[in-house]
Amino acid sequence: MMGIMDFIEAQRRVNILKELIKENNEAYYVNDAPKITDFEYDELFRELKRLENEYPLLITPDSPTQKVGDKISDGFKEYKHKYRLYSLDNSNNYEDLRKWYERVIKEFTIQNELELVVELKIDGLSCALSYEKGILKIGATRGNGIVGENITDNIKSIKGIPQKLSKPLNLEVRGEVYMPISSFEKLNEENIKRGLREFANPRNAAAGSLRQLDATVTAKRDLHFFAYTAISEEENLFKTHSEALALLKELGFNVNPNYKVVKGINPVIEQCEIWSTERFNQDYATDGMVIKINDLAKQNELGYTSRAPKWATAFKFPPEEVWTRLEGIELSIGKTGAVTPVALLTPVQLAGTIVKRASLHNFDEINRLRINIGNEVLIKKAAEIIPKVIKKREEEDLGIYETPKYCPVCNSPLIKPEGEVVLYCSNSKDCPAQIQGKIEFWASKEAMDIDGVGETIVEKLLEKKLISDFADLYKLTVEDFMQLDLIKEKSADNLYNAIQASKTPSMTKFLTALSIKHIGKETADLIANEYPTIDTIKTATEEELTKIDGIGEKAAKSIIDFFKDENNITILNKLQEYGVTPKGSAVEKISNIFEGKTFVITGTLSQPRNNFEEKIKQLGGKVSSSVSKKTSYVLAGENPGSKFDKATQLGVIILTERDFDLLAQRNNDEKKF
Ligand code: AMP
Ligand code: ZN
């Protein structure tokens, strides 16, 4: 029986899933930069569907299961689709495919097996094309299925889309725009050379290329099109899906030749099996198979759910894994000296790209898995960008990989602090890798955000011995920059100005930028709340620091160590000398009504978070970045994150922005809490 607790638990999970899916829709569709793999996305989606099936009360109209994902970005004109574009339901196992078929069959009173078309699911972006009397009038992206982006100009340079059909038909055509894998790899190589970002996969490259506001940029990219749907109001033009595909081909479209008309579900599964390996022999990325009822009259009879046709379904290929040889282990040294092992692999095709490097976790894990150089290892695409090494072939034992003892860059001994799995280069003062890493991080977006000062510039500055730490950036002159190759006066000016403009950071930014071990932005923020100046932190004790909610022993120790180190003190003194001083975060208190109360803020509020933080501090309260039993209130805006969850679990009072205002107001009136 369903208990109320189960329901509440389900409701909580459903809310989280919705947020996660929405967030990833945005990353995927609007920014063309996914944060999770398609497989992980589908898992979230399926879990949400399952819960909604179980608890239909939880279905809301804004649920991602009720609509098609993409959003429209600014810049293109909206286009209202003539016929709605749907998504596809999908499964990742044959049992679900059989169930789909059984459900479909029940709707019809037929004796024989149903005729189905199995085709490849091309991993690109769907587009709708509108032809009038055989002339291409409009090309549009799917958008939310009802309204898309008008990309007619961009469409015109895509191979496989005729501007004029071989017959003067009124026709709506749909298909997938994609970039061949070989062109995607070439584009990425060029982008790397030019210092531009790499695309994560061919689909993102296609999306990024197609949705260019400047259509001439699109025209330079190698985009192709496979047509897979035709819609016509003329009767008798075609009666089945396979006839439509044949017509599309005749009219001049590229149609993927690898489709098959079959009877019943068994041959469908056979095709899925064949293509789960055969797909790697194609120069385009596929993420599954699409199964459609061939007879259009039957399609119409079945119709659609709010999101997808009932007459079609997709089979998604499992996440991709492949065996290859571990040729070497590269040690990469981070800004705090942390040594990360990177697997160098015999190049191998994985998920549509060639993989040469993969993550190897840490040295303990390498030994636990008994992985050694020369082993054949299984790699898996986890996050789309960096694949991971999962295991070695069980039967192949090449002994234990000897954990390195010396830094590959400066040859200093590596040390492993107690209670940590990570190895560090012990030479924090002079290790060139650490020095460079620290300077790059100082200038990075996360820290001081100095425009233009990236890897290449830092490398050149170090090479010419113009700097030896990040404080030195502030003594550089325009002339110094002009000494570097390829830097013209204009960019030298820009670099100089950007550096000078960064002299009064917030305390949080400043602390973050120092590259103190275990002190990221969040922790830096907690410390900045309590210690408004560098001088006050310098004299803080470990005991005082650990009293701050959210600061553990490790972080506290690391701060103490940092400010004890002479080299660091020299750098801090230099910064002061060059006029780099944090603004300080001290807020003037105007009352004590929030005294002893700790607030945690999550989600998007009507004003920047800082305003709320300031208000809380003004009223004598504290702001912390993580929820614990000590938290008095969680102020939750829209799309709250995991902190909201934690608060519900711990029974912490959750305030909406309105609650907060009332509380602050009431307390102001009563002057008492
Ligand atoms: P999904 O994005 O997972 O909901 O899957 C639906 C999408 O699959 C459609 O919007 C198309 O972009 C894409 N797709 C790729 N190949 C095909 C195909 N052969 N038939 C239908 N849709 C396809
Ligand atoms: Zn070193």
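Me: How are the donor residues of the zinc ion (ligand 2) spaced in sequence?

Reply: In this predicted model, the spacing of the donor residues is C-x2-C-x14-C-x5-C. Of these, Cys410 sits in the loop between β16 (387–392) and β17 (414–415), and Cys425, 15 residues away, belongs to strand β18 (residues 423–425). That pair links distant parts of the chain.

Me: What makes Cys407, Cys410, Cys425 and Cys431 donors of the zinc ion (ligand 2)?

Reply: Their SG atoms lie 2.3 to 2.4 Å from the zinc ion (ligand 2). The cut-off for a donor is 2.8 Å, so the four SG atoms count as donors.

Me: Why is the site of the zinc ion (ligand 2) called tetrahedral?

Reply: The angles among the four donor atoms run from 98 to 118°. Four donors count as tetrahedral if all angles lie between 85 and 135 degrees, therefore the site qualifies. For reference, the ideal angle for four tetrahedral donors is 109.5 degrees.

Me: Why is Cys425 called buried?

Reply: Cys425 has a relative accessible area of 4%. Buried means under 20%, so Cys425 is buried.

Me: What makes strand β19 (residues 598–602) mostly covered?

Reply: Five of its five residues are buried. Thr598, Val600 and Thr602 point one way from β19, with Phe599 and Ile601 pointing the other way.

Me: How do you know that β19 pairs with strand β20 (residues 622–624) and with strand β21 (residues 633–636)?

Reply: Pairing needs at least two bridges. β19 and β20 have three, in the parallel sense, with Lys622 as the bridge partner of Thr598. β19 and β21 are joined by four and also run parallel; there, Thr602 is partnered by Ala636.

Methods:
Residues are numbered from 1 along each chain as its sequence is written. Chains are lettered from A and ligands numbered from 1 in the order in which they are written. This is a predicted model: local features need pLDDT of at least 70, side-chain atom pairs count only at pLDDT 80 or more; totals for chains, interfaces and linings use all residues. Side-chain values use heavy atoms; hydrogens and water are left out. Donors are N, O and S atoms within 2.8 Å of the metal (3.2 Å for Na, K and Ca); water is not among the atoms, so sites may look incomplete. Four donors count as tetrahedral if all angles lie between 85 and 135 degrees; four count as square planar and six as octahedral if opposite donors are over 155 degrees apart and all others between 65 and 115; anything else is irregular. Helices (H or I, at least four residues) and strands (E, at least two) are DSSP runs, numbered from the N terminus. Buried means under 20% relative accessible area, exposed over 50%, partly exposed in between (1.4 Å probe, protein chains only).
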